[in-house]
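Colleague: I've got a model open and want to talk through how the pieces fit together. Can you walk me through the fold?

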Amino acid sequence: MNRILAITALALAILAAGDARAAERTVTLKIDNLFCASCPYIVKQVLAEVPGVRTVKVSFKKKTALVTFDDGKASVAALTAATTNVGFPSTLLATN
């Protein structure tokens, strides 16, 4: 019984530590192929659907997207893949 309790406590500690390491990140992505007024809306919707994304602001004028996300659930690679898959290739421009 004590062994089960010790294993359970260890497992909970490991899970809690994993959550503690996840942090909120904000990055700026350079977005290609933003040619029309509806393009930023499409990019915003696609990025918002990536698990862990909290906020998205797309600038048609600057051809960028400012994305805040939980880095324990999402990654820059997931963000760029999401935009690329719908025809708007993106690259990391800056980490804010």
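Modeller: One term before we start: two strands count as paired if DSSP finds at least two bridges between them. Also keep in mind that this is a predicted model.

Colleague: Fine. How many bridges join strand 1 to strand 4, and which residue stands opposite K30?

Modeller: Strand 1 and strand 4 run antiparallel, with five bridges joining them. If you look along that pairing from K30 into strand 4, the residue standing opposite is T91.

Colleague: What is the order of the strands in the sheet?

Modeller: Take the pairings one by one. Strand 1 is joined to strand 3 by seven bridges, and strand 2 to strand 3 by six. Add the pairing of strand 1 with strand 4, and you get an open, antiparallel sheet in the order 2-3-1-4.

Colleague: Which strands stand at the edges?

Modeller: An edge strand here has a single partner strand, so one side of it is left without a neighbour in the sheet. That describes strand 2 and strand 4.

Colleague: By how much are neighbouring strands turned against each other on average?

Modeller: Ignore the direction of the strands for this one. The average turn between neighbours in this sheet is then 25°.

Colleague: What about the helices? Which strands does helix 3 touch, and what angle does its direction make with that of strand 1?

Modeller: Helix 2 (residues 39-48) lies across strand 1, strand 2 and strand 3, at about 165° to strand 2. Helix 3 also packs on the sheet, touching strand 1, strand 2, strand 3 and strand 4. Its direction and that of strand 1 make an angle of about 35°.

Colleague: Is strand 3 mostly covered or open, and how many of its residues are buried?

Modeller: Strand 3 spans residues 64-70 and is mostly covered. Take D70: its relative accessible area is 10%, so D70 counts as buried, the cut-off being under 20%. For the strand, the count of buried residues is six of seven.

Colleague: Which residue takes a positive phi in the hairpin of strand 2 and strand 3?

Modeller: Four residues sit between the two strands of that hairpin. At the strand ends, S59 stands opposite T64. The residue with a positive phi, near 60°, is K63.

Colleague: Now the charges. Which residues are linked in a network of salt bridges?

Modeller: E24 and R54 form a salt bridge, with their closest N and O atoms 2.9 Å apart. E24 lies in strand 1 and R54 in strand 2, so the pair ties together parts 30 residues apart in sequence. R54 also forms a salt bridge with D70, at 3.5 Å. The network is therefore made of E24, R54 and D70.

Colleague: How many salt bridges does the structure hold, and how far apart are the N and O of K30 and D32?

Modeller: The total is three. K30 is partly exposed at 37% relative accessible area, and D32 is partly exposed too, at 29%. Their side chains meet with an N to O distance of 2.6 Å.

Colleague: Last one: which residues make the nonpolar surface patch?

Modeller: V86 is a handy place to start, in the loop between helix 3 and strand 4. V86 has 40% relative accessibility, so V86 counts as partly exposed. The patch covers about 280 Å², and its residues are Y41, I42 and V86.

Definitions and conventions:
Residues are numbered from 1 along each chain as its sequence is written. This is a predicted model: local features need pLDDT of at least 70, side-chain atom pairs count only at pLDDT 80 or more; totals for chains, interfaces and linings use all residues. Side-chain values use heavy atoms; hydrogens and water are left out. Buried means under 20% relative accessible area, exposed over 50%, partly exposed in between (1.4 Å probe, protein chains only). Patches are made of residues with over 30% relative accessible area and no salt bridge: like charges are joined within 9 Å, nonpolar side chains (Val, Leu, Ile, Met, Phe, Trp, Tyr) within 5 Å. Accessible areas come from the Shrake-Rupley method with a 1.4 Å probe; for residues, only the protein chains shown count as cover. A salt bridge is a side-chain nitrogen of Lys or Arg within 4 Å of a carboxyl oxygen of Asp or Glu. Axes are lines fitted to C-alpha atoms, for helices over the stretch in contact, and angles run from 0 to 180 degrees between N-to-C directions. Contact means heavy atoms within 4.5 Å.
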